[in-house]
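Me: I'm new to this one and would like a close look at a single part of it. Could you pick one helix, tell me what it sits against, and follow the connections outward from there?

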Amino acid sequence: MCTTCGCGKGETRIESADAHANEHVHADGTVHSHAHAHDVAHGHEGEHGRLHQHRHDGNAEQHHEHVHVMPDGSVVRHTHAHDSAADLHYGDGPAHTHAPGMSQARMVQIEQDILSKNDRHARFNREFLAERGIFAVNLVSSPGSGKTTLLAESIRRLQPRVAVTVIEGDQQTTNDAERIRATGARALQINTGKGCHLDASMIERALERLQPEGGSVLFIENVGNLVCPAAFDLGEARKVAILSVAEGEDKPVKYPDMFHAADLMVLNKIDLLPYLRFDVDRCIDYARLVNPGIKVLQVSAVSGAGMDGWYQWLRTTQQLASIGR
């Protein structure tokens, strides 16, 4: 969690297997336990009263296993080895992060206050959109994944059949909104300044200005960031994580909260695969490790490869969202 926006709700951990066991309950009710495999056991009380047990075998290399119980009850495990210098993990503790001079309890309180207010705005947005039959998709990714190019191509394909409106999120400039307007779609730019994500109150104000047509599609292009947008519900029907093959196949396990929150992972820029060392199967396995139910599409917004599957997903999911109103 950062003390400005409350990032970190529902932290997802990829962790794994034997000995040093530690279990605690998160603020959202999920259980987090992790174990470290060593030889000689000892224990100590942590900052928050949790018992930490460690086993050391006297070797430079130690294996750590972490186990995380997901909200749906599934268990994710991950084992890693590191040397005696020991890595630093600031994700331990109820707040799952660290802020100099601030207690874990205070950080948790700030997170709860901010996210509860955000959720109220998200509920309003969801009701607003549902009443008008507007299908909203929240596009999340790191910078440079190809979100805007994918979006522009999608608009050109969809516009003859359905009205499309776009909310663009960036820290500065109106560059992306201008690219979208060039397609003929209406777009509104939200510049967040130092903010690292869009929140539901921003979307509420944008909806007031845009007034999207009933029965239309609303794309929300979030700020490029694989961390903070995962925690903030905007009132969307679906969250889509876009991952470029130029980024590396391990991104789903390095930034698990985002891929755990997403309904769909779009693996973009597959036209570059002949020129890169990117293991597609391993990437998909990683994504399904943190989110067993995630759907995956492989596309290239530039060459058009796989785009028919993306349009089919949009059409089918829009219909399902309409039936659920």
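Reply: Let's take helix α2, which covers residues 147-158 and lies across five strands: β7, β8, β10, β11 and β12. Its direction is at about 170 degrees to that of β8, the strand spanning 164-170. Keep in mind that you're looking at a predicted model.

So what are those strands part of? They belong to an open sheet of seven strands, paired in parallel, and if you walk across the sheet you meet β9, β8, β10, β7, β11, β12 and β13 in that order. At the edges you'll find β9 (186-191) and β13 (295-298), each of which pairs on one side only. From one strand to the next, the twist averages 20 degrees. As a bit of background, strands of a sheet pair through backbone hydrogen bonds, and they can do that either parallel or antiparallel.

For one pairing in detail, try β7 and β10. Residues 135-140 of β7 run parallel to residues 217-221 of β10, and five bridges join the two. One you can pick out on screen is Ala136, whose bridge partner in β10 is Leu218.

Helix α2 isn't alone in lying on these strands. Helix α4 (residues 200-210) lies across β8, β9 and β10, and runs at about 145 degrees to β9.

Now back to α2 itself, and to Glu153, which has its place in that helix. Is Glu153 buried, exposed or something in between? Glu153 counts as partly exposed because its relative accessibility is 31%, which falls between the 20% cut-off for buried and the 50% cut-off for exposed. Leaving out residues up to four places away in sequence, Glu153 touches Ala301, Met307 and Tyr311. Ala301 is 148 residues away from Glu153 along the chain, yet their C-alpha atoms are separated by 6.7 Å.

That link fits into a wider pattern: of the contacts in the chain with a separation of 6 or more, 65% are between residues 24 or more positions apart.

Stepping back to the whole chain, you can count eight helices and 13 strands. Of its 325 residues, 50% count as buried. The chain exposes about 15,300 Å², with carbon and sulfur atoms supplying 49% of that area.

One last stop on the surface: Leu272, Tyr275 and Leu276 make a nonpolar patch of about 310 Å². Leu276 sits in the loop between β12 and α7, and is partly exposed, with a relative accessible area of 33%.

Definitions and conventions. Residues numbered from 1 in each chain as written. Predicted model: local features only at pLDDT ≥ 70, side-chain atom pairs only at ≥ 80, totals over all residues. Heavy atoms only, no water. Pairing = 2+ DSSP bridges. Helix = DSSP H or I, 4+ residues; strand = E, 2+ residues; numbered from the N terminus. Axes fitted to C-alpha atoms, helices over the stretch in contact; angles between N-to-C directions. Contact = heavy atoms within 4.5 Å. Patch = residues over 30% accessible without salt bridge, like charges linked within 9 Å, V, L, I, M, F, W, Y side chains within 5 Å. Areas by Shrake-Rupley, 256 points an atom, 1.4 Å probe, with all protein chains shown as cover. Salt bridge = Lys/Arg side-chain N within 4 Å of Asp/Glu carboxyl O. Buried < 20%, exposed > 50% of the residue type's maximum accessible area, 1.4 Å probe, protein only.
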